[in-house]
Amino acid sequence: MSQSSPANSDSCRKFLLLSGGTVASWLLGFPAVHTSAAQKETRLGIGIIGCGGIMHHHVKGLVGRNEDVEIPFLCDVDPGQINRIKGHVRQGFQKTPPMITGKY
């Protein structure tokens, strides 16, 4: 093992002092950002184009976790796919049913 030189030791101390101040100032500012973000409640509206297997899985997850999103539009050329997703969305997830279309 080698001992560190006094110059190396001083640079380490300076780094720790400077970085510690940066972390402390970041932590002091963080609660204010978190508090202001928590004050505003918004729902994200997403339109879905293509209601097949993968999207069906995603929508089931959003509804199952009761995510803070709304699905105002569904689009697919297959009405069966739209109806399958629409059934999940109606189950108390949002107030109004999504608008549907079969044209891209």
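**Helix α3, Gln 94 and two salt bridges**

Q: Which residue follows α3, and what is the sign of its phi?
A: Gly 92 follows α3, and its phi is positive, near 75°. The helix label comes from DSSP runs (H or I, at least four residues, for helices; E, at least two, for strands), numbered from the N terminus.

Q: How do you know on what basis these values rest?
A: This is a predicted model, in which local features need pLDDT of at least 70 and side-chain atom pairs count only at pLDDT 80 or more, while totals for chains, interfaces and linings use all residues. Residues are numbered from 1 along each chain as its sequence is written, and side-chain values use heavy atoms, with hydrogens and water left out.

Q: What is the confidence in the protein, and where is it lowest and highest?
A: The mean pLDDT (the predictor's confidence in each residue, from 0 to 100) is 75, and 59% of the residues reach 70 or more. Confidence is lowest in helix α1 (residues 6–39), at a mean of 54, and highest in β2, at 91. Over residues 23–28 the pLDDT is below 50, and beyond near neighbours in sequence this stretch has 0 contacts (heavy atoms within 4.5 Å) in the model.

Q: How do you know whether the span of α3 agrees or disagrees with its number of residues?
A: The expected span is 1.5 Å times one less than the number of residues, so the 12 residues of α3 (residues 79–90) should span 16 Å, and the end C-alpha atoms are indeed 16 Å apart, which agrees. At the N-terminal end Asp 78 acts as a cap, with a side-chain oxygen 3.0 Å from the backbone nitrogen of Gly 80.

Q: Which residues of α3 are buried, and what do they pack against?
A: The buried residues of α3 are Ile 82, Ile 85, Lys 86 and Val 89. Because they cover an arc of only 105° around the axis, they lie on the same side of α3. They pack against α2 (53–64), β2 (69–75) and β3 (99–101).

Q: Why is Gln 94 called buried or exposed?
A: Buried means under 20% relative accessible area, exposed over 50%, and partly exposed in between (1.4 Å probe, protein chains only); Gln 94, at 11%, therefore counts as buried. Gln 94 sits in the loop between α3 and β3, and its contacts, not counting residues up to four places away in sequence, are with Arg 43, Glu 70, Ile 71, Pro 72 and Val 89.

Q: What makes the side chain of Gln 94 a partner in polar contacts?
A: The cut-off is a pair of N or O atoms within 3.5 Å, where within protein one must be able to donate a hydrogen and the other to accept it, and residues adjacent in sequence count only if both atoms are side-chain atoms. A polar atom of the Gln 94 side chain lies 2.8 Å from the backbone nitrogen of Ile 71, and the side chain reaches the backbone oxygen of Thr 96 at 2.9 Å.

Q: Why is the pair of Arg 43 and Asp 68 called a salt bridge?
A: The rule asks for a side-chain nitrogen of Lys or Arg within 4 Å of a carboxyl oxygen of Asp or Glu, and the closest N and O atoms of this pair are 3.4 Å apart. Arg 43 lies in the loop between α1 and β1 (44–49) and Asp 68 in the loop between α2 and β2, so the pair ties together parts that are 25 residues apart in sequence. Arg 43, at 40% relative accessibility, is partly exposed, as is Asp 68 at 43%.

Q: How many salt bridges does the rule give, and which one involves Arg 65?
A: The count comes to 2, and Arg 65 pairs with Glu 67, their closest N and O atoms being 2.8 Å apart. Arg 65 is exposed at 54%, whereas Glu 67 is partly exposed at 31%.

Definitions and conventions. The arc is that of the directions from the helix axis to the C-beta atoms.
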